[in-house]
Structures are given as structure tokens and as C-alpha cells.
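Me: I'm new to reading protein models. Could you walk me through a few features, one at a time?

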Amino acid sequence: MRREKVFNRSLLILAIMSIMLFAMTITASAASGRAVTNLQQTDDTKTGVTVQWSGNYGEEYLVYLSQDRSSGYQALSSYT
């Protein structure tokens, strides 16, 4: 009876550790490569602005515009 209890507890710990490892792998892969880098405004006029960034190949980025921060943001377009 004692040996069975130890075996069951070991299986439970193994299952928990496997789930944690799986969750950590998913979280790490989802977080890697997602950040936009080198975001900068490179030009502006009275009627327009140029923004550049370094992204990840094949990912889609949505660009939002606001006349002022209190009026909210409006989606301009999506870029890959």
C-alpha cells in the first residue's frame, strides 16, 4: 500500500512538471519575436507622417492614428 502511494504521488508530480514545461514552452514561443523594434517617426508635414519599424517577416501590423489622444484611435491600415 505504501509503495503504491509513493508511485501515485510520483506520477502526479511528473504530470504537473510535464504540464508546466509544456506551458513554459508555449509561452516562450508566443513571446519570442513578437516585439516591434526600431520604431521611429522619420518625417512629418502638415498633412502626413512617416513611421518606420523593424518587424517580423510575414506578420501583420495594424497602424492606428489619432488627431489627439482624447478623441481615440482609428485604424488606418494593416501592413505585412
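Reply: Sure, we'll go through strands, a surface patch and a loop residue. Keep in mind that this is a predicted model.

Me: Let's start with strands. In which sense do S1 and S2 pair, and over how many bridges?

Reply: Two strands count as paired if at least two bridges are found between them. Here S1 (residues 37–44) and S2 (residues 49–54) run antiparallel to each other, with five bridges. Take Asp-43 as an example: its bridge partner in S2 is Thr-50.

Me: What joins S1 to S2?

Reply: That's a hairpin, and the chain passes through four residues to make the link.

Me: Now the surface. Is Leu-39 buried or exposed?

Reply: The general idea is a cut-off: over 50% relative accessible area means exposed, under 20% means buried. Leu-39, which sits in S1, has 60% relative accessibility, so it counts as exposed.

Me: Which residues form a nonpolar patch with Leu-39?

Reply: Leu-39 shares the patch with Val-36, Val-49 and Val-51, and together they have about 340 Å² of accessible area.

Me: And where is Tyr-73 found?

Reply: Look in the loop between S3 (61–65) and S4 (74–79). Tyr-73 is exposed too, because its relative accessibility is 56%.

Me: Which residues is Tyr-73 in contact with, leaving aside neighbours within four places in sequence?

Reply: For contact, you look for heavy atoms within 4.5 Å. With those neighbours set aside, Tyr-73 touches Tyr-64, Leu-65 and Ser-66. You can also compare C-alpha positions: Tyr-73 and Val-63 lie 10 residues apart along the chain, with 9.6 Å between their C-alpha atoms.

Terms used. Residues are numbered from 1 along each chain as its sequence is written. This is a predicted model: local features need pLDDT of at least 70, side-chain atom pairs count only at pLDDT 80 or more; totals for chains, interfaces and linings use all residues. Side-chain values use heavy atoms; hydrogens and water are left out. Patches are made of residues with over 30% relative accessible area and no salt bridge: like charges are joined within 9 Å, nonpolar side chains (Val, Leu, Ile, Met, Phe, Trp, Tyr) within 5 Å. Accessible areas come from the Shrake-Rupley method with a 1.4 Å probe; for residues, only the protein chains shown count as cover. A salt bridge is a side-chain nitrogen of Lys or Arg within 4 Å of a carboxyl oxygen of Asp or Glu. Helices (H or I, at least four residues) and strands (E, at least two) are DSSP runs, numbered from the N terminus. Buried means under 20% relative accessible area, exposed over 50%, partly exposed in between (1.4 Å probe, protein chains only).
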